[in-house]
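Dear colleague,

I am handing over the structure below, which I would ask you to look through before reading on. My notes on what was found in it follow directly after.

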Amino acid sequence: MILTGKARLAGVMGWPVAHSRSPRLHGYWLEHYGIDGAYLPLQVPPDGLERALRALPLLGFAGANLTIPHKEAALRICDRVDDVASRIGAVNTVVVEPDGSLSGSNTDAFGFVENLRRGSDWRGDRGPVAVLGAGGAARAVIAALLDAGVPTIRLINRTRARAEALTAALGGRIEVSDWDDTPSILDGAALLVNTTSLGMTGQPPLEIDLAALPTDAVVNDIVYVPLETELLRAARLRGNVAVDGLGMLLHQARPGFTAWFGTAPEVTSDLRDFILAELAR
Ligand code: ATR
């Protein structure tokens, strides 16, 4: 697509930003739908975030995504944030309103649930959910699970205090256990989600015995490098439906693209293959 003077503009602010897959992802959709628009990597240092966000309307940008380390700081800078973003404590999508004000949202929770629903027959009312990890990603996962109406979330984290803090922030139906209590959190669970970085290429393995997990439970790893983690492989081998983490990355991008470029994009197998090839580069 060759841009015109009317091209719609968006981008991703990060520090560093070079690792971000978002320019390729949004670029794929822009080309696929023949949209006169551009999505750029925006290298913004932490002390410049507020000025960079405030410059978006000035430069005619429709909005931006935020990645590490800007998601939490953006929450305070936006003129309004939606309920999910304020509960998660992080903004990943900013939309410039017609009056030049900034609306912040968090689409990670949406991406998580969309990925899970499309990859399995999981529903929130099917039973308790076991969650491993209490970092930034866990906040989005747990907010999404609570909104999906799960009866109980059984949460464990290496650093228990972090799990307690997350529970205090998100409230509701979360039970915290010790990191070595996996058999008891898996017993009778309808879904197991790994939100830790364990099992990711270059990180330590996730060592977990799935014996107590019902074989009709769904297993989801938010790690997507490798696409099939040891956890997902072990789950598939014993008959569990296993959902990989790539879809969360792809689906979380949809609401921003729709808001900025005016077309609701689809996550297709072609798009998955395109991003997988990117990840392998
Ligand atoms: P993210 O925003 O991607 O979730 P994070 O906030 O750094 O990243 O969280 C990483 C998660 O992986 C945390 O739950 C972390 O546990 P701690 O809170 O105890 O740090 C977990 N994690 C990372 N390395 C781990 C390890 N070697 N053993 C157990 N848990 C680990």
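To begin with the ligand, one of its oxygen atoms is 2.6 Å from an N or O atom in the side chain of Asn157, and an oxygen atom of the ligand also lies 2.5 Å from an N or O atom in the side chain of Thr159. Please keep in mind throughout that this is a predicted model, and that the distances are computed from it. The backbone takes part as well, since a backbone N or O atom of Ala134 is found 3.1 Å from an oxygen atom of the ligand. Taken alone, the ligand would expose 640 Å², and the protein buries 69% of that area.

As for the wider surroundings, the ligand sits in the largest pocket, where 13 residues surround it, the closest being Ala137, Asn157, Arg158, Thr159 and Arg162. Sorted by character, the residues of this shell comprise 4 nonpolar, 7 polar and 2 charged ones.

Turning to the protein as a whole, you will find 12 helices and 12 strands in it, and its C-alpha trace spans about 60 × 40 × 35 Å along the principal axes. The radius of gyration is 19 Å, which agrees with a compact globule, because a globule of 281 residues would be expected to have a value near 19 Å.

Finally, two peptide bonds deserve a look when you step through the loops. Most peptide bonds are trans. The bond that joins Trp15 and Pro16, however, is cis, with omega at about 5 degrees, and Pro16 belongs to the loop between strand S1 (8–14) and helix H1 (22–32). Another cis peptide bond joins Ile68 and Pro69, again with omega at about 5 degrees, and here Pro69 lies in the loop that runs between strand S3 (63–66) and helix H3 (71–77).

With kind regards

Technical notes: Residues are numbered from 1 along each chain as its sequence is written. This is a predicted model: local features need pLDDT of at least 70, side-chain atom pairs count only at pLDDT 80 or more; totals for chains, interfaces and linings use all residues. Side-chain values use heavy atoms; hydrogens and water are left out. A residue is near a molecule or strand if one of its heavy atoms lies within 4 Å of it. A polar contact is a pair of N or O atoms within 3.5 Å; within protein, one must be able to donate a hydrogen and the other to accept it, and residues adjacent in sequence count only if both atoms are side-chain atoms. Accessible areas come from the Shrake-Rupley method with a 1.4 Å probe; for residues, only the protein chains shown count as cover. On a 1 Å grid over the protein atoms alone, a cavity is a set of points where a 1.4 Å probe fits but cannot get out, and a pocket is an open set with protein on both sides within 12 Å along at least five of seven lines; lining residues have an atom within 4 Å of a point. A molecule sits in a cavity or pocket if more than half of its atoms lie within 2 Å of its grid points. Ala, Val, Leu, Ile, Met, Phe, Trp, Tyr, Cys and Pro count as nonpolar, Asp, Glu, Lys and Arg as charged, and the others, Gly among them, as polar. Helices (H or I, at least four residues) and strands (E, at least two) are DSSP runs, numbered from the N terminus. The radius of gyration is taken over C-alpha atoms; the globule rule is 2.2 Å times the number of residues to the power 0.38.
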